[in-house]
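Open the model in your viewer and show it as a cartoon. This tour tells you what to select at each stop and what is there.

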Amino acid sequence: FTLDSFIETFKLISPTMLKLDVDGAELHVLKGAKKTLQSEALKNVLIEFDETLMPEQELVKMFSDFGFRFIKKHFRSNQVYNYVFQK
């Protein structure tokens, strides 16, 4: 399942907050969550993100394209950070 197809298949309401911690598969999950990320209902995203996958500027731009603004990031380990985005 992608996140979008999971929500659609099980007739779930769109989330208002999303937390992603998928140990390196973040880009795959985000690719399958475009409808969810575009949803007006979704207001906050916390994502644990490994910056070896994509530079910070690209991640922030991607979320900005979905209407989010970057709030802050918190160091976890090595090049892994918790990012907070909000609409």
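Two strands pair if DSSP finds at least two bridges between them. Helices (H or I, at least four residues) and strands (E, at least two) are DSSP runs, numbered from the N terminus. This is a predicted model, in which local features need pLDDT of at least 70 and side-chain atom pairs count only at pLDDT 80 or more, while totals for chains, interfaces and linings use all residues. Residues are numbered from 1 along each chain as its sequence is written, and side-chain values use heavy atoms, with hydrogens and water left out.

**Stop 1: the hairpin.** Select E3 and E4. These strands pair in the antiparallel sense over seven bridges. Now pick His 74, whose bridge partner in E4 is Asn 82. Two residues lie between the strands of this hairpin, and Asn 78 in the turn has a positive phi of about 45°.

**Stop 2: the other neighbour of E4.** Add strand E2 (residues 44-50), which pairs with strand E4 (residues 80-86) in the antiparallel sense over seven bridges. Which residue of E4 is the bridge partner of Ile 47? Tyr 83 is that partner.

**Stop 3: the whole sheet.** Add E1, and the open sheet is there: four strands in the order E1-E2-E4-E3, with mixed pairing. Strand E1 (17-20) and strand E3 (69-77) are the edge strands, each pairing on one side only. On average, neighbouring strands are turned by 15° against each other, direction ignored. Angles run from 0 to 180 degrees between N-to-C directions, and axes are lines fitted to C-alpha atoms, for helices over the stretch in contact.

**Stop 4: a helix on the sheet.** Select helix H4 (residues 56-65), which packs on the sheet and touches E2, E3 and E4; contact means heavy atoms within 4.5 Å. The direction of H4 makes about 25° with that of E4.

**Stop 5: the full chain.** Show everything. The protein chain has four helices and four strands, and along the sequence they follow the pattern α-β-α-α-β-α-β-β. The radius of gyration (taken over C-alpha atoms) is 13 Å, close to the 12 Å from the globule rule (2.2 Å times the number of residues to the power 0.38) for 87 residues, so the chain is as compact as a globular protein of that length. Its C-alpha trace spans about 40 × 25 × 15 Å along the principal axes. Of the 87 residues, 31% count as buried, meaning under 20% relative accessible area with a 1.4 Å probe, protein chains only.

Notes
Buried < 20%, exposed > 50% of the residue type's maximum accessible area, 1.4 Å probe, protein only.
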